[in-house]
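Got the viewer open and the chain loaded? Keep the selection box handy, and we'll go from stop to stop.

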Amino acid sequence: MDAIPLALDGYLVSEPVPGEQEGTACWRLVSSPTDRLADDATIPCTSTVPQVVDAVFMECRPGDLLRVTGHLTLPDTAGGVIRLHADHLQVLRGAPELGTGQQSADTATVTDAEAGRNRAIHALAEALTGLGHETTPGSGCSIRIHVSPTGALGSGLEHCHSIDITPARAHQLADQVDAMNCHLDSEHPDPGTVVDPETIADITELFEDIDLVGLTGAVLNATRPEYRPAVTQALDDMFGDLPVPGTEDDQ
């Protein structure tokens, strides 16, 4: 059966092992195109390309997010195994290093924090997946977003997600994030922010230069006579009792 050209993103499940022939390597990838576990697939991979073999043994470790490009061969029998023969390999994101600091004695707190983080990852992946389902990305025109926990992945591959969205959706998402950041900044200004004293002086001078009596006269001169009592009351409510200057109609 003809081999199918394929580019696959997935997480390295375990340490690669040498193949049956000298100079070959075998490994397995877990692919997660959506946030649904039913969509996950474990794909056996192999390669005879020296650069790929060296890279998978020397540069890769379990938990790394890899992009493997090659040809997928389908089994000739029902009991056969599909296999991706890799021609190129790229490390998209390395698995985070294990922390070297002293482990916290409060294990329950750590567990609760991890559970909360995993719930947040699931909520984010679910929202992004819904965004991607709105429209179907065209071939070669999609943007892939990877969401995963920090720290060593180990058995936590079920919390790793890859979601494809269109460029248009990516722009909309960026706009929403910008709007959210602006809102958060306005709600929680930086307490360390100090206004330039010259700016404060300029603002103070601007308000001190406002002639409230002249402003009142200008407003009343532009107001029809029958509306002037109400306007005068509104100005008094705003600025206090101000002397009402003579208007043009009274002169």
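**Starting at a strand arginine**

Select R67 to begin: at 32% relative accessibility, it counts as partly exposed. Keep in mind as you click around that this is a predicted model.

Now add D9 to the selection. The side chains of R67 and D9 meet in a salt bridge, with 2.8 Å from N to O. R67 lies in strand β5 and D9 in strand β1, so this pair ties together parts that are 58 residues apart in sequence. Is D9 buried or exposed? D9 is buried, with a relative accessible area of 6%. As background, side chains of opposite charge can pair when their charged atoms come close.

**Zooming out**

Switch to cartoon for a moment. The chain holds 6 helices and 8 strands, and if you trace the sequence you'll read β-β-β-β-α-β-β-α-β-β-α-α-α-α. If you colour by accessibility, buried residues make up 25% of the 251 residues.

**Around β1 and β5**

Select residues 4-12, which are strand β1, together with residues 65-73, which are strand β5. The two run antiparallel and are joined by 8 bridges. Want some landmarks along the pairing? Show A7 and you'll find T69 of β5 standing opposite. Then show P5, whose bridge partner in β5 is H71.

Next, bring in residues 25-31, strand β3. β3 pairs with β1 in the antiparallel sense too, over 2 bridges. To find the place, click L12, which stands opposite L29 in β3.

Now go back to β5 and add residues 83-93. That's strand β6, and how many bridges does it share with β5? The answer is 9, again in the antiparallel sense. One spot to label is L66, which has V91 as its bridge partner in β6. So far, then, you have β5 paired with β1 and with β6.

**Into helix α3**

Jump to residues 167-187, helix α3, and pick out R169 there. Buried or exposed, would you guess, for R169? R169 counts as buried, because its relative accessibility is 17% and the cut-off for buried is under 20%. Turn on the side chains and look at Q172: the R169 side chain makes a polar contact with the Q172 side chain at 2.5 Å. For a longer reach along the sequence, draw a C-alpha to C-alpha distance from R169 to S142. The two are 27 residues apart in sequence and 9.7 Å apart in space.

**Out to helix α4**

Select residues 197-208, helix α4. The helix has 12 residues and reaches 16 Å from its first C-alpha to its last, close to the 16 Å expected at 1.5 Å a residue. How many of those 12 residues are buried? The count is 0, and α4 is hardly covered.

With the surface switched on, select I203, L206, F207, I210 and L215. Together they form a nonpolar patch with about 490 Å² of accessible area. Helix α4 gives the most to this patch, with 3 residues. Centre on F207, which sits in α4: it is exposed, with a relative accessible area of 58%.

**The loop between α5 and α6**

Move on to the loop between α5 (212-221) and α6 (228-239), where you'll find T223. T223 counts as buried, at 14% relative accessibility. Show its side chain together with the backbone of V219: the T223 side chain reaches the backbone oxygen of V219 at 2.6 Å.

Then select R224 and E226. Their side chains meet in a salt bridge, with 2.7 Å from N to O. R224 counts as exposed at 53% relative accessibility, whereas E226 counts as partly exposed at 47%. The count of salt bridges comes to 2, so with R224–E226 and the R67–D9 pair from the start, you've now visited both.

Key. Residues numbered from 1 in each chain as written. Predicted model: local features only at pLDDT ≥ 70, side-chain atom pairs only at ≥ 80, totals over all residues. Heavy atoms only, no water. Pairing = 2+ DSSP bridges. Helix = DSSP H or I, 4+ residues; strand = E, 2+ residues; numbered from the N terminus. Buried < 20%, exposed > 50% of the residue type's maximum accessible area, 1.4 Å probe, protein only. Patch = residues over 30% accessible without salt bridge, like charges linked within 9 Å, V, L, I, M, F, W, Y side chains within 5 Å. Areas by Shrake-Rupley, 256 points an atom, 1.4 Å probe, with all protein chains shown as cover. Salt bridge = Lys/Arg side-chain N within 4 Å of Asp/Glu carboxyl O. Expected span 1.5 Å × (residues − 1). Polar contact = N/O pair within 3.5 Å; in protein donor to acceptor, adjacent residues only side chain to side chain.
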